[in-house]
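The report below describes the structure shown here, beginning with strand pairing and ending with the confidence of the prediction.

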Amino acid sequence: MRLHLACLLLGALAAPATAEPVVYTLDPTHSFVTFELMHFGTSTIRGRFSPVNGSVTLDRAAGRGSADLALDTASVSTGLRAFDARIRERDLLASEAFPQASFVAERFRFDGDRLAEVRGEFTLRGVSRPLSLFARHFACERRASLQREVCGGDFEAEIQRSVFGASFGLPFVGDRVRLLVQVEGIRQ
Amino acid sequence: MRRRSGPPVKLRIEGGSSSRRPGTIAEAHRSGARPVRATLSTIIVALAVCAAARAEPQSYAIDPTHTFVTFETAHFGTSTSRGRFERMQGSVQFDRAGKAGRVEISIATASVSTGVPALDSRLRGPEFFDSTAYPSATFIAEGFTFVGDTVTEVAGHLTLLGKTLPLTLKAKNFNCYLSPLLLRETCGGDFEATLQRSRWGMAFGTDIGAPDSVRLLVQVEAIRQ
């Protein structure tokens, strides 16, 4: 009996280590990009987009992964419709010409079992640049309500909007934009 | 010869003989054929009066386009969920020289916005903000702490669900600037606090592991009246 239990425990420990890539589809209720930038060096303007679409593949045992994510730039939401309309214009997000921003990544860095950094290519206004998302939190757990495993966390990155041609309001509204990414993926 | 580039800078400093704008101090003095020196002394006196006035509390109106309360809560120990309130109003009395102030902000609880409409409805409901019974949450504070010229902390009381408890906001940024659009002084910053929502009676879910702790991130700017 004791041996049987030990085998069960061993089996449970070994199970997550099977080197199978697992696909997770983003949960639209817990996958948002929020941005922050300074207004006149005084206070922080915040906004968000409608949920990020896409999927992430994780192979935690092998320490690999890939992500293919996109969001609709026209969905920008600051809490002020007039601001949102202004941000969609050509000298900022240019939403009509470039309806989507994307992040495609294949370089996943793990600290043990924990995802630490995702390096990929970020495209905004048709301009693509390398970008690293750094994990502030990362965890996987079985979610009883879904009867599925959920992996997710909080990621951060910083861009200079002028690099992507979104230059209106400089320098009164800051060039540095901090991206705060909440993401949860449901195992498929 | 220096070439001017960009739009003309509208600095409202009057008194130069080239000023053609009617209704200015310079124009008034020109009409009286007074020497420029008198104009300058008038400006100096005016500046001195202004400086003296700065020792008095000044009134500022909250700029609703740059004043938002964002909140953050942990979701299952996995990620951070965020929401904000979109409608608020209020006023600030601020005495930088006297290192004192008073702020009163009223937040429309029904303006909660998370990006998930079904969640917003739930948050407006009786389990959370109960917006029908309690349409507003208020923060009233008179405990301004300064380091030098800068506000570092604002201690006051938050009224939520009809219950009033102390809350201190810590400044992460604080600054005053002359708004080039409004030509008025604007003061503001970023403030943060973490509260336990159950203390205000918003305990839904805390017994089954939903987080009690809520981090508030407050962007505020106020325009001198």
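## Strand pairing in chain A

Strand 7 (residues 114–124) of chain A runs antiparallel to strand 8 (residues 127–143) of chain A, and eight bridges join the two; strands pair if DSSP finds at least two bridges between them. Within this pairing, R119(A) has S132(A) in strand 8 of chain A as its bridge partner. The two strands make a hairpin with two residues between them, and R125(A) in that turn has a positive phi of about 55°.

Strand 8 of chain A also pairs in the antiparallel sense with strand 9 (residues 148–160) of chain A, over nine bridges. Here C140(A) is the bridge partner of C151(A) in strand 9 of chain A. A hairpin with four residues between its strands links strand 8 and strand 9 of chain A, and Q147(A) in the turn has a positive phi of about 55°.

## Basis of the model and overall fold

This is a predicted model, in which local features need pLDDT of at least 70 and side-chain atom pairs count only at pLDDT 80 or more, while totals for chains, interfaces and linings use all residues. Residues are numbered from 1 along each chain as its sequence is written, and chains are lettered from A and ligands numbered from 1 in the order in which they are written.

Chain A has two helices and ten strands, taken as DSSP runs numbered from the N terminus (helices H or I, at least four residues; strands E, at least two). Their order from the N terminus is α-β-β-β-β-β-α-β-β-β-β-β. Of its 188 residues, 35% count as buried, where buried requires 20 or more other C-beta atoms within 10 Å of the residue's own, exposed 12 or fewer, and partly exposed a count in between, with C-beta atoms placed from the backbone.

## Nonpolar cores

The largest nonpolar core, a set of buried Ala, Val, Leu, Ile, Met, Phe, Trp, Tyr and Cys residues joined through C-beta atoms within 7 Å, has 34 residues, and those with the most contacts inside it are V33(A), V52(A), A67(A), V118(A) and F155(A). Leaving aside residues up to four places away in sequence, V52(A) touches L26(A), S31(A), F32(A), V33(A), L69(A), L71(A) and V183(A), a contact being two C-beta atoms, placed from the backbone, within 7 Å. Another core lies apart from it, with 32 residues that include V103(B), F129(B), V151(B) and V218(B).

## Contact between the chains

Chain A gives 28 residues to the contact and chain B gives 26. On the side of chain A that touches chain B, the elements giving two or more residues are strand 2 (32–39), strand 3 (43–48), strand 8, strand 9 and strand 10 (176–187) of chain A.

## A loop residue in chain B

A133(B) sits in the loop between helix 3 (117–124) and strand 7 (136–147) of chain B. A133(B) is exposed because 10 other C-beta atoms lie within 10 Å.

## Confidence

The model scores ipTM 0.87 and pTM 0.81. For chain B the mean pLDDT, the predictor's confidence in each residue from 0 to 100, is 82, and 76% of its residues reach 70 or more. Within chain B, helix 1 (residues 25–31) has the lowest confidence, at a mean of 36, and strand 6 (residues 112–113) the highest, at 98. Where pLDDT is low, the predicted coordinates should not be read in detail.
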